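Colleague: Please take one part of this model and describe it closely, with its packing, its charged contacts and its place in the whole chain. I should like the cut-off behind each term to be stated.

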Amino acid sequence: MAALTGAAPARPDLWHEALTHGSMGEARDYQRLEFLGDRVLGLAIAEWLHEQSEAAEGKLSQRLNVLVSRETCADVARKLGVAGHIRLGKQARGDGAGQSDNVLGDVMEALIGALFLERGFDAARSFVRKAWEPAMAGGAGQRKHPKAALQEWAAGNRRKPPVYTLLERSGPDHAAVFTVQVEVAGVGSEQATGSSKQEAERGAAAAFMARYG
């Protein structure tokens with residue numbers, strides 16, 4: 001992946017592993033590298049936020065959580081054209097796993113893990129700062145998380161806390177779709193879908209605030 005390393009990879013096995021989905025049935029897939037890359041990404045973003053901002057810990061954490069989220073990682077992966085390089089089994093490819101936020105986000109983190117192992121933290125940091133610049137410059141995470149905003153709205157209006165209910169889970173594990181409803185008693189409810197339960201909850205909270213907030 002010359003786009004990440006800036007040169008031909010010195011350890012092709014790492015990149016092969018980082019791009020291999022479990023549906024291939026091979027001895028190693030991207031999961032271990034994803035575990036590592038998640039931590040490398042978190043440190044790189046946390047250092048960047050600390051360097052750029054004098055905000056309090058709570059605000060820094062709010063932005064960090066958004067910038068390292070699966071959705072942001074998947075968005076970066078799409079912009080880099082990662083989907084076309086993921087090694088998927090026939091069934092997983094047919095199910096659309098290559099466009100799933102879950103898979104794209106995980107592979108993006110695995111690639112960062114591979115870059116860290118091959119070239120070290122400085123190279124990984126440099127890549128993250130380049131690839132995440134649009135999200136950072138666009139202020140991703142500066143707004144309050146929709147679920148936190150809804151929680152505060154309910155408390156401020158003397159309502160019971162919002163209740164989230166999983167209505168449906170469909171699709172295979174690697175391309176699952178979740179439908180969640182959020183309700184505030186005496187006010188109303190809204191629904192949303194997402195590639196994870198958390199994404200669906202966030203969407204439902206945002207929809208509720210757009211309608212009632």
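Modeller: The following account centres on one helix and then turns to its neighbours.

The model is predicted, so local features are reported only at pLDDT of at least 70 and side-chain atom pairs only at pLDDT 80 or more, whereas totals for chains, interfaces and linings use all residues. Residues are numbered from 1 along each chain as its sequence is written, and side-chain values use heavy atoms, with hydrogens and water left out.

The part chosen is helix α8, residues 121–131. Helices (H or I, at least four residues) and strands (E, at least two) are DSSP runs, numbered from the N terminus. The chain holds 11 helices and three strands, in the order α-α-α-α-α-α-α-α-α-α-β-β-β-α from the N terminus. Its C-alpha trace spans about 60 × 45 × 25 Å along the principal axes. Of its 213 residues, 43% count as buried; buried means under 20% relative accessible area, exposed over 50%, and partly exposed in between (1.4 Å probe, protein chains only).

Within α8, the buried residues are Phe121, Ala124, Phe127, Val128 and Ala131. They lie on the same side of the helix because they cover an arc of only 125° around its axis, the arc being that of the directions from the helix axis to the C-beta atoms. An α-helix has 3.6 residues a turn, so residues three or four places apart point the same way. On the face of α8 turned away from the buried side are the exposed residues Asp122 and Lys130.

One neighbour of α8 is helix α7, residues 101–119. The axes of α7 and α8 come within 7 Å and cross at roughly 145°; such axes are lines fitted to C-alpha atoms, for helices over the stretch in contact, and the angles run from 0 to 180 degrees between N-to-C directions. In this contact (heavy atoms within 4.5 Å), Met108, Ile112, Leu115, Phe116 and Arg119 of α7 meet Phe121, Ala123, Ala124, Phe127 and Val128 of α8. These residues comprise nine nonpolar, no polar and one charged, where Ala, Val, Leu, Ile, Met, Phe, Trp, Tyr, Cys and Pro count as nonpolar, Asp, Glu, Lys and Arg as charged, and the others, Gly among them, as polar. Phe121, Ala124, Phe127 and Val128, which meet α7, are also among the buried residues of α8.

Helix α8 is also joined to α3 by charged side chains. A salt bridge here is a side-chain nitrogen of Lys or Arg within 4 Å of a carboxyl oxygen of Asp or Glu, and the count comes to 15. In one of them, Glu47 and Arg125 meet at 2.7 Å, N to O. Glu47 lies in α3 (residues 31–52) and Arg125 in α8, so this pair ties together parts that are 78 residues apart in sequence. Both partners are partly exposed: Glu47 has a relative accessible area of 30%, and Arg125 has 21%. Glu47 also forms a salt bridge with Arg129, with the closest N and O atoms 3.7 Å apart. That pair again links α8 to α3, across 82 residues. Through shared partners, salt bridges join Glu47, Glu51, Asp122, Arg125 and Arg129 into one network.

Helix α3 itself has 22 residues and reaches 31 Å from its first C-alpha to its last, close to the 32 Å expected at 1.5 Å a residue; the expected span is 1.5 Å times one less than the number of residues. Its buried residues include Leu33, Val40, Leu41, Ile45, Trp48 and Leu49. Helix α8 is one of the elements that cover the buried residues of α3, and α2 (12–18), α4 (57–67), α5, α7 and α9 (133–137) are others.

The neighbouring helix α7 has a charged link of its own. Asp106 forms a salt bridge with Arg70, with the closest N and O atoms 3.3 Å apart. Asp106 is in α7 and Arg70 in α5 (residues 70–80), 36 residues apart. Asp106 is buried, with a relative accessible area of 11%, whereas Arg70 is partly exposed at 35%.

These links across the sequence may be set beside a total for the chain: residues 24 or more positions apart account for 57% of the contacts with a separation of 6 or more.
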